[in-house]
Amino acid sequence: MIGPFDNKVEAGKMTWVFAIGVAGQDLAIVRHVIPLRESKGSKRPKNVATGSGGQAAELAAHGTRPR
């Protein structure tokens, strides 16, 4: 849905990135960056748990679509 885009993050800042619009038509990227107080950064994570998904699987099984 969203092709590659430049999203560099900086140590000591919190970055939120949102995709807004209609997929395949007019998506826009909105970025919000705020400084954090006295951040010394953190170590590189060994892994990032993203969950198992399937949150709407029960709805699909009953023929209901999420809104």
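# Reading a small β-β-α model

User: Let's start with charges. Which residue forms a salt bridge with Glu10, and how do I read that feature?

Analyst: Lys13 does, with the closest N and O atoms 3.6 Å apart. The general idea: a salt bridge puts a side-chain nitrogen of Lys or Arg within 4 Å of a carboxyl oxygen of Asp or Glu. By this rule the count comes to one salt bridge. Keep in mind that this is a predicted model, where local features need pLDDT of at least 70, side-chain atom pairs count only at pLDDT 80 or more, and totals for chains, interfaces and linings use all residues. Side-chain values rest on heavy atoms, without hydrogens and water, and residues are numbered from 1 along each chain as its sequence is written.

User: OK, and pLDDT? Which element of the protein chain has the highest mean, and which the lowest?

Analyst: pLDDT is the predictor's confidence in each residue, on a scale from 0 to 100. Here strand E2 (residues 28-35) has the highest mean among the elements, 89, and helix H1 (residues 57-61) the lowest, 64. Chain-wide, the average is 76, and 69% of the residues score at least 70.

User: In what order do the elements run?

Analyst: Elements are DSSP runs numbered from the N terminus: helices are H or I with at least four residues, strands are E with at least two. This protein chain has one helix and two strands, running β-β-α from the N terminus on.

User: How many of the residues count as buried, as a percentage?

Analyst: Buried means under 20% relative accessible area, exposed is over 50%, and partly exposed is in between (1.4 Å probe, protein chains only). Of the 67 residues, 1% count as buried. For the whole surface, use the Shrake-Rupley method with a 1.4 Å probe, where only the protein chains shown count as cover for residues. The chain exposes about 6800 Å², with carbon and sulfur atoms supplying 53% of that.

User: Is Ala11 buried or exposed?

Analyst: Exposed, because its relative accessibility is 71%. Ala11 sits in the segment before strand E1 (13-20). Its C-alpha lies 8.4 Å from that of Ser42, 31 residues apart along the chain. Lys13, back at the salt bridge, counts as partly exposed, because its relative accessibility is 35%.

User: What is Thr15 in contact with, leaving aside its neighbours within four places in sequence?

Analyst: Contact means heavy atoms within 4.5 Å. Thr15, in strand E1, touches Asn7, Val9, Arg31, His32 and Val33. The C-alpha atoms of Thr15 and His32 are 5.8 Å apart, with their positions 17 residues apart in sequence. At 22% relative accessibility, Thr15 is partly exposed. Over the chain, residues 24 or more positions apart account for 19% of the contacts with a separation of 6 or more.

User: Which residues make the nonpolar patch?

Analyst: A patch joins residues with over 30% relative accessible area and no salt bridge: like charges within 9 Å, nonpolar side chains (Val, Leu, Ile, Met, Phe, Trp, Tyr) within 5 Å. Here Met14, Trp16, Phe18, Ile20, Val30, Ile34 and Leu36 make one of about 590 Å². E1 gives the largest share, four residues, while E1 and E2 each supply at least two.

User: Where does Val30 lie?

Analyst: In strand E2, in contact with Trp16, Val17, Phe18 and Ile20 once neighbours within four places are left aside. Val30 is partly exposed at 37% relative accessibility. Trp16, from strand E1, is partly exposed too, with a relative accessible area of 37%.
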